[in-house]
Amino acid sequence: MSRIAYVDGRFVPHNAAAIHIEDRSVQFADAVYEVWGVKDGALLDSDGHFTRLERSLGELKIAMPVGREALAEALFELIRRNRLRNGLVYLQVSRGKARRDHAFPGPDVKPCVIATAKRVDFAALVKKAETGIAVKTMPDQRWARCDIKTVSLLANVLAKQAAKETGAQEAWLTDRDGFVTEGSSSNAWIVTPEGALVTRPASNAILNGITRRTLISVAQGRGLTFEERPFTVDEALAAREAFITNASSMLMPVVTIDGQPVGNGHPGSLTTELRTAYQDSAVAAAHKKTARAASRPVARRAKRRISSGQPTARTVEQRRERDPPCPMTRNRTFRTFFSTRSASPRRR
Ligand code: PDD
């Protein structure tokens, strides 16, 4: 089945999806993004990611293109059209397209929204978690607002590549005082010899990971000792366990840092326990949310068609004929779009 992407109100084949050459994400990285894990068709930590999206947009003074619920519907529709069970959904909102000029364009320029979905081999991820990953440390060369999830990721890209070239799977970035800020695409954690869970506090120096936040409440719910404070590379090397968190790998044990073993050089028992606990908690919460959404009439009918093997999406050509472009405006929500156009079974 070919992949389907979402571009400004339309579902299009992935290989034909395109944005304007003067979209400000291209010229200035003037855009924010979010990545959701998808498990059994449900978005993990859904609300947390939407809250952070709204915050990131607010920090850059980009208007939220439509309401959260309408955006969520677009993502669920994307999951449905891609028949995605396990994987990731990527959403990006740019300031929009405008003639190149550093200052913001006028209010007539509307944000541009794109989204993609991709499969992840969860069995491979589980296997990777059984052996753990290697990290390489390097100086943090990013800007001073790492709390905003912008697409300006060049320093992260260079760090990840440098790690990869030494055989490591993640880079741990360090500040001027030798403290670990975070990974190039993850938050960094250690378990001290006394068994305390440690991660750096949220500030402008790191992205406040949604997986990180959920894990903090999971750990607190289990009565674990939790310390939100910076730690050095030396402390990490002397730690009992280390791991990273993010939406794409959930919790992943770190077994070596710069080639030196952490603990006994194998995934730690607390890390493994927390990985399961996080997954159970996030999946249960997501399924509860999906069950509520599935009780809505349109979703129920779509679900019935999936289970009966009936086609759920028209071909793009058919859709293009019936559905002229639907640019998002604040007056026209995705809900209107879906209920009157492509997702409405009544019109099939
Ligand atoms: N990255 N720190 C950085 C720099 C990140 O890029 C990410 C996530 C995280 C963890 O955030 P969360 O738990 O909300 O996924 C921390 C995503 C997965 C990415 O860029 O693909």
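I will talk about the ligand site in this structure, which is a predicted model.

Let me begin with where the ligand lies: the ligand occupies the largest pocket, and the shell of residues around it draws on both domain 1 (4-120 + 292-338) and domain 2 (125-267), so the ligand lies between the two domains. If we ask which elements give two or more residues to that shell, they are the strands β3 (31-39), β9 (180-183) and β13 (241-246), together with the helices α2 (46-59) and α6 (210-221).

Turning to the residues themselves, there are 21 around the ligand, and those that come nearest are Tyr33, Arg52, Glu182, Thr211 and Ala247. By class, the shell consists of 12 polar, 5 nonpolar and 4 charged residues.

For the polar contacts, a polar side-chain atom of Thr211 is 2.6 Å from a ligand oxygen atom, while for Tyr33 a polar side-chain atom lies 2.7 Å from an oxygen atom of the ligand. In Arg52, a side-chain N or O atom is placed 2.9 Å from an oxygen atom of the ligand.

As for how much of the ligand is covered, it would expose 470 Å² if taken alone, and the protein buries 90% of that area.

Technical notes. Residues numbered from 1 in each chain as written. Predicted model: local features only at pLDDT ≥ 70, side-chain atom pairs only at ≥ 80, totals over all residues. Heavy atoms only, no water. Near = heavy atom within 4 Å. Polar contact = N/O pair within 3.5 Å; in protein donor to acceptor, adjacent residues only side chain to side chain. Areas by Shrake-Rupley, 256 points an atom, 1.4 Å probe, with all protein chains shown as cover. 1 Å grid on protein atoms, 1.4 Å probe; cavity = no way out; pocket = protein on both sides within 12 Å on 5 of 7 lines; lining within 4 Å. Sits in = over half its atoms within 2 Å of the grid points. Helix = DSSP H or I, 4+ residues; strand = E, 2+ residues; numbered from the N terminus. Nonpolar A, V, L, I, M, F, W, Y, C, P; charged D, E, K, R; others polar. Domains from an automatic or database assignment.
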